[in-house]
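This report looks at a few residues and the confidence of the model around them. Please have the sequence and the coordinates open while reading.

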Amino acid sequence: MTTRSTRSTRSTQSTPSRSEHPVGRRRRRSLLLLIPFAFLVGVLFVSCGDDEASPATSAPETTEPATTAAPTTVTPTTVTPTTVAPTTVAPTTVAPTTVAPTTVAPTTTTPSGLEQPAIWPAADVVFTTPEDAARSFVEDLIGVPAVLGEFMAGDSRSGEIEVFSPGEGGPGSSVVRSLLLLRQLGPDDGWFVLAAVRPEVSIDEPASGSTVPAAPLTVRGAARGYEATILVSAFPAGTTDRIGDTVIASGGALETPEPYEAVVDLTDVPAGTVVTLLVRGDTGLETDPGEFSAIPVVIAG
């Protein structure tokens, strides 16, 4: 009897231990489930810690663009001056100037205020009729009484007038001494003597209206005069101020004109001056102009 009770007590003691075994397994399963959860919590904690720490490390990275951006914006300041550089200063080569040669033409071709060179009167003197201009030329420049023919019109602004000897042998004894060429010039349309021509006293060199240097000038042509005497003179146009002395040359003594040559000194004449060259065949008479020709030349600048 005692033996059975002992077995029963063992059986009753061992029974409860078997009934507790499933609970222990549940606890172990719970613990096993808690381990991954704890691991996830740890990971999340670490990641949160990294997120908080990252701003501290990223701050210096944001400062670097600020330092690099500043130099890049400075570079354009060197580019713009190079394009503006003195490429626009080049037009200084046009002054021309260039333009400098344009000042030579007016002074060496025509006197101030006139369209072409004239030998009488001065550019600022105005004669309202061709007869007045012709009379003044003969009496003031040549220095003899003027015996003039009628005005022969060429066009509405020009014409010719013959100059005669005084006719000391009585009526009909006057002979032609020269032919004056006249034209209206200048802003006031005054009358000017452009030249005087006579085949028996020609001026072949220089040409009428030509430009000559301020130097001794050789005058050549063919002429005749009393005892073959030819008188060559030079005057600033429109004045009676003779340039140097009258040069005496030798030509023909009879009816046929012969070559002559004379040198007049124009060394001291200012550039741009219009000079009257007057060549006369001498007559030996004070009141007779003799046969004559006259042309203008211009002193080179």
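A residue counts as buried when its relative accessible area is under 20%. Gln 184 has a relative accessibility of 15%, so Gln 184 is buried. The model is a predicted one.

**Gln 184**

Gln 184 sits in strand 3. Its side chain makes a link to backbone: the backbone oxygen of Asp 189 lies at 3.1 Å. Asp 189 is also among the contacts of Gln 184 beyond four places in sequence. The others in that set are Ser 156, Arg 157, Gly 190 and Trp 191.

**Asp 288**

Where does Asp 288 lie? Its place is the loop between strand 10 (274-281) and strand 11 (292-299). Is Asp 288 buried or exposed? At a relative accessible area of 4%, Asp 288 falls under the 20% cut-off and is therefore buried.

Two polar partners are found for the Asp 288 side chain. One is the side chain of Arg 177, in a polar contact of 2.6 Å. Another is the backbone nitrogen of Gly 290, reached at 3.0 Å. Setting aside residues up to four places away in sequence, Asp 288 touches Val 144, Ser 165, Pro 166, Arg 177, Arg 280 and Thr 283. Arg 177 thus appears both in this contact list and in the side-chain pairing.

**Val 175**

Val 175 belongs to the loop between strand 2 (158-164) and strand 3 (176-185). Its relative accessible area is 37%, so Val 175 is partly exposed. Ser 165 is ten residues away in sequence, yet the C-alpha to C-alpha distance is 5.5 Å. Beyond its neighbours within four places, Val 175 is in contact with Val 163, Phe 164 and Ser 165. Ser 165 is also touched by Asp 288.

The accessibility values are set side by side here.

| Residue | Relative accessible area | Class |
|---|---|---|
| Asp 288 | 4% | buried |
| Gln 184 | 15% | buried |
| Val 175 | 37% | partly exposed |

**Confidence**

How confident is the predictor in the chain? The mean pLDDT of the protein chain is 77, and 60% of its residues reach 70 or more. Over residues 43-82 the pLDDT is below 50, and this stretch has zero contacts beyond near neighbours in sequence. Residues 94-111 also have pLDDT below 50, but that stretch has 17 such contacts in the model.

Technical notes. Residues are numbered from 1 along each chain as its sequence is written. This is a predicted model: local features need pLDDT of at least 70, side-chain atom pairs count only at pLDDT 80 or more; totals for chains, interfaces and linings use all residues. Side-chain values use heavy atoms; hydrogens and water are left out. Helices (H or I, at least four residues) and strands (E, at least two) are DSSP runs, numbered from the N terminus. Buried means under 20% relative accessible area, exposed over 50%, partly exposed in between (1.4 Å probe, protein chains only). Contact means heavy atoms within 4.5 Å. pLDDT is the predictor's confidence in each residue, from 0 to 100. A polar contact is a pair of N or O atoms within 3.5 Å; within protein, one must be able to donate a hydrogen and the other to accept it, and residues adjacent in sequence count only if both atoms are side-chain atoms.
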